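Colleague: I would like to learn how to read a few features of a protein model, beginning with its strands. Could you take me through them slowly?

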Amino acid sequence: MSFVHRGFLYVFRKWQQSLITFLILFTVGTAALVGLAILDASAVAAANLRGQLGGTFLLEIDMSNPANMKSGIVGDGYTASYYAGDTIDNNVIDEVLKTPGIADYSAHVEHAANLKADDGRYCNLVENKQNYYSSANAHRAWIQGWTSLEQCSYFANGMLKVTEGEMFSQSAYGQAVISRELAEKNRLGIGDRLTLETNREVVGFDIPSAYQECTFEIVGIFDILGEQQISYFTGQTQMLQNWVFVDMRTLVPYIDEMMISLGEKPIGYSDVTFSVNDPAQIESIIRELKQNPAINWDCFKIEVDDDNYQNVKNVLDGMDSSVRMMIFAVVLSGIAVLVLLLAIWARFRVRETGVMLALGQGRRGILAQRMIEMTLIAALAFGCSYGASGLAADRVGNMLLAQANENKVPESPSNSIRPGMEITSDDINLNPVFAAPEVEELNITISAGMYVKVYTMGLLISVLCVCAASSPVMKMKPREILSNMS
């Protein structure tokens with residue numbers, strides 16, 4: 001009878017031992033496959049989490065460079081230092097967006113202007129009745145220009161909400177959003193037109209009449225959902241009810257044309273915020289950006305804001321090592337248990353080994369039989385672990401997806417507008433809030449490569465375990481074995 005045949009017969013005859021060995025190898029194989037799948041998916045989950053943590057950098061005019069500053073007479077004959085370098089315009093923004101890894105951008109400009117309705121009448125602002133200096137006929141409002149209103153902290157954090165109409169996006173042109181109080185006070189609604197007028201009353205010097213006005217269509221009306229703290233010292237232009245939000249594609253050219261009419265350079269954007277897909281790559285993205293020769297880097301500087309990412313960087317760095325340690329611990333524990341059991345069972349086969357040696361069977365044949373026994377069990381165990389690990393991986397995938405989409409780090413206080421904030425404070429921050437991406441589907445699958453790797457390594461380790469457990473008995477001579485048994 002060949003050793004292969006004897007191996008088959010032994011596996012079925014000692015089915016209890018075979019079953020225990022099968023369960024150990026099945027557990028180790030399943031754990032290894034699921035661990036490798038988690039390791040593979042954790043990279044996707046970590047990338048998604050980094051995207052949610054966010055990373056931005058600010059491109060702004062460098063006024064600290066003396067080469068960009070000049071002295072001259074401005075206004076009513078005053079001598080002052082002013083910026084004379086390149087401005088940030090749409091061409092510069094387009095060049096920045098060509099850099100791989102940059103996801104989006106946002107810009108914000110503040111401007112003061114009189115408000116006029118369709119019929120030419122001036123719009124009256126909402127009064128602060130606590131302020132003695134508040135004027136019932138005031139019509140100079142604070143204009144907030146945004147690339148996309150969804151990026152404004154007030155709307156992103158729930159202080160304000162557009163309850164009628166819609167918010168404008170980056171593609172908007174000539175669109176405005178005003179408060180419900182301002183709309184009702186001036187009998188304005190969705191579809192009405194609102195004109196911004198910039199004249200001497202607003203800026204303190206004359207502007208050619210052809211460049212004083214810019215008209216917007218009202219596309220949305222917002223309500224103030226949070227508590228707004230208004231005190232005696234709150235000016236009308238500081239009240240959220242009197243703020244007018246307009247799109248940048250219209251406001252910036254209007255201001256630039258006004259400056260050109262005065263013989264001045266266009267102002268453009270004072271700064272623009274860009275978001276990146278992966279904050280871990282932000283330094284390399286900026287290095288590549290600074291290689292762009294179309295941008296005059298003598299006039300601009302960059303400030304990085306990746307505080308949220310840096311706060312949890314150690315956690316992200318530890319994800320891979322934790323998963324690898326888990327795989328190593330499970331596999332090592334399984335091997336230790338398997339070797340221990342095989343060593344115990346080998347002692348019960350001492351008599352069998354001695355008889356076979358006495359009958360002329362070679363040690364290699366005996367060892368080969370035991371290797372065949374283990375190979376049969378291991379092949380079946382690792383084959384079954386493929387299907388089981390696939391089901392387990394799906395469960396892990398759903399868990400990681402839920403955690404990744406729920407584990408959003410809130411904006412830092414310096415980049416947030418919260419209900420109840422004192423709006424008269426000078427340090428109100430209107431930094432943009434970029435939407436955190438959510439993974440719609442996170443598939444954790446057991447690839448053929450993973451299975452082949454685990455299957456091959458599993459069979460090899462199983463065979464080595466047999467050799468290690470059988471080694472002490474295989475070194476004994478038949479007479480020595482039989483004498484120890486008596």
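Modeller: Let us begin with pairing: two strands are said to pair if DSSP finds at least two bridges between them. In this predicted model, strand β5 (residues 140-146) is joined by five bridges to strand β10 (residues 243-247), and the two run parallel; one bridge in this pairing links Trp146 with Asp247.

Colleague: In which sense do β4 and β5 pair, and over how many bridges?

Modeller: Strand β4 (residues 102-116) pairs with β5 in the antiparallel sense, over seven bridges, and Glu110 of β4 has Gln144 of β5 as its bridge partner.

Colleague: Is β5 mostly covered or mostly open?

Modeller: A residue counts as buried when its relative accessible area is under 20%, and five of the seven residues of β5 are buried, so that the strand is mostly covered.

Colleague: Which residues touch the most other members of the largest nonpolar core?

Modeller: They are Leu115 and Phe300, in a core of 54 residues, to which helix α7 (residues 248-261) gives the largest share, seven residues. A second, separate core has 17 residues, among them Phe168 and Phe245. Leu115 also touches residues farther along the sequence, including Ala141 and Ile143 as well as Val244.

Colleague: Where in the chain is confidence lowest, and where is it highest?

Modeller: Where pLDDT is low, the predicted coordinates should not be read in detail. The mean for the chain is 77, while helix α14 (residues 478-485) has the lowest mean, 62, and strand β7 (residues 175-179) the highest, 96. Over residues 407-428, pLDDT stays under 50.

Technical notes
Residues numbered from 1 in each chain as written. Predicted model: local features only at pLDDT ≥ 70, side-chain atom pairs only at ≥ 80, totals over all residues. Heavy atoms only, no water. Core = buried A, V, L, I, M, F, W, Y, C linked by side-chain atoms within 4.5 Å. Buried < 20%, exposed > 50% of the residue type's maximum accessible area, 1.4 Å probe, protein only. Helix = DSSP H or I, 4+ residues; strand = E, 2+ residues; numbered from the N terminus. Contact = heavy atoms within 4.5 Å. pLDDT = per-residue confidence, 0-100. Lists of a residue's contacts leave out its neighbours within four places in sequence.
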